[in-house]
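Here are some exercises to work through with the model open beside you. Try each task before you read its solution.

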Amino acid sequence: MGNICVITGGGSGMGLEVAKIVGKDMKVILTGRTVAKLDNAIKELNALGIEAEAYPCDVSDQGSVDKLAAYAAGQGIVKVLIHAAGVSPHMASAEQIFVINAVGTIYVDKAFAKVMEAGSVILNVSSMSAYMLPADRVPKQVYKLALGDTEAFLDGAKQILGVVPEQQRNGTAYTISKNFVVWYTERQALAYGKKGIRVVSISPGTFATPMGEIEGEEAASFAKCGALGRVGDPVEIANMMAFMVSDAASYLTGVDILYDGGTIASLNARKEDAN
């Protein structure tokens, strides 16, 4: 049986672009809630000579995720998991954003760690927004609940979001959920390192993807104020993601790569200069 790469949220954008790279060496399983939406991506990959298929999965449903992991393990050796599924502030309610981005990461990482072997890697996709949360506002006591009680973790998050003004709630849910992904990646790397599984994350800035288009000019303006002064091309981050999950990065684990064209560096510098 050959190696398998599972990509959640891989129907377009950076997920599809990284599939084109890793698919040269292994079979790709793209997942989403609606397989029909992945058809064009599968056709595009197949046309490139890449063995790929779609499988239905809702990352916010633990049972659905468990079925995906079991199915993937039955197709071969699950070498790589790229967890790119997620929603932005303009795509769902605050609670839905948190459940999909944060709780979904818990479900996916845990399910796949059970079926992965030494030499495999999990790559979680966060966001540069994770770096916009002030250190004194990171709710680590709530984060820690995720290690033992997912429901308690979600309840804690709801309490935090419940006191946020409604007009800021979606953005706050997104920022905290993505900050959690970075934190959780570190903890999962410690949990699975002895088993030989690497766990890393990447925090994209603004890229020319369907999600980036939904976020509109506000997101693009951040990128244009960054060190490189432009929006990123999905191929650029796909190359980094492919490297991170490759054997060439075999000592890389428990870290997040901020891949934002220097946007956060620019924001931090401006804050310092203003003071």
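How far is the sulfur of Cys-5 from the closest cysteine sulfur? Before solving this, note that the model is predicted, so local features need pLDDT of at least 70, side-chain atom pairs count only at pLDDT 80 or more, and totals for chains, interfaces and linings use all residues. Residues are numbered from 1 along each chain as its sequence is written, and side-chain values use heavy atoms, with hydrogens and water left out.

**Exercise 1: the cysteines**

Solution. The closest cysteine sulfur to that of Cys-5 belongs to Cys-57 and is 14 Å away, which is too far for a bond. A disulfide is taken here as a pair of cysteine sulfur atoms within 2.5 Å, and by this rule there are 0 disulfides. Next, compare surroundings, with buried meaning under 20% relative accessible area, exposed over 50% and partly exposed in between (1.4 Å probe, protein chains only). Cys-5 is buried, because its relative accessibility is 0%. Cys-225, at 40%, is partly exposed.

**Exercise 2: one helix and its buried side**

Task: check the span of helix α3 (residues 62-75), then find where its buried residues lie.

Solution. Helices (H or I, at least four residues) and strands (E, at least two) are DSSP runs, numbered from the N terminus. The expected span of a helix is 1.5 Å times one less than its number of residues. For the 14 residues of α3 this gives 20 Å, and the end C-alpha atoms are 20 Å apart, so the two agree.

Now list the buried residues of α3: Ser-64, Val-65, Leu-68, Ala-69 and Ala-72. They cover an arc of only 135 degrees around the axis, so they sit on the same side of α3; the arc is that of the directions from the helix axis to the C-beta atoms. An α-helix has 3.6 residues a turn, so residues three or four places apart point the same way. The cover over these buried residues includes β1 (3-8), β2 (27-32), β3 (52-56), β4 (77-83) and α4 (94-113).

**Exercise 3: the nonpolar cores**

Task: find which element gives the most to the largest nonpolar core.

Solution. A nonpolar core is a set of buried Ala, Val, Leu, Ile, Met, Phe, Trp, Tyr and Cys residues joined through side-chain atoms within 4.5 Å. The largest has 49 residues, and those touching the most other members are Val-6, Phe-98, Phe-112, Tyr-143, Phe-153 and Phe-180. Two or more residues come from each of β1, α3, β4, α4, α5 (140-145), α6 (150-162) and α7. The answer is α4, with 13 residues. A second, separate core holds 32 residues, including Met-26, Leu-30, Ile-82 and Ile-202.

**Exercise 4: the setting of Ser-203**

Task: is Ser-203 buried or exposed, and which side chain does its own side chain join in a polar contact?

Solution. Start with the strand: Ser-203 is in β6 (residues 198-204). With a relative accessibility of 0%, Ser-203 is buried. Contact means heavy atoms within 4.5 Å; leaving out residues up to four places away in sequence, Ser-203 touches Ser-126, Tyr-131, Val-182 and Ile-257, among others. Ile-257 is 54 residues away in sequence, yet 6.0 Å away C-alpha to C-alpha. Finally, the side chains of Ser-203 and Asp-256 are joined by a polar contact of 2.9 Å (a pair of N or O atoms within 3.5 Å; within protein, one must be able to donate a hydrogen and the other to accept it, and residues adjacent in sequence count only if both atoms are side-chain atoms).
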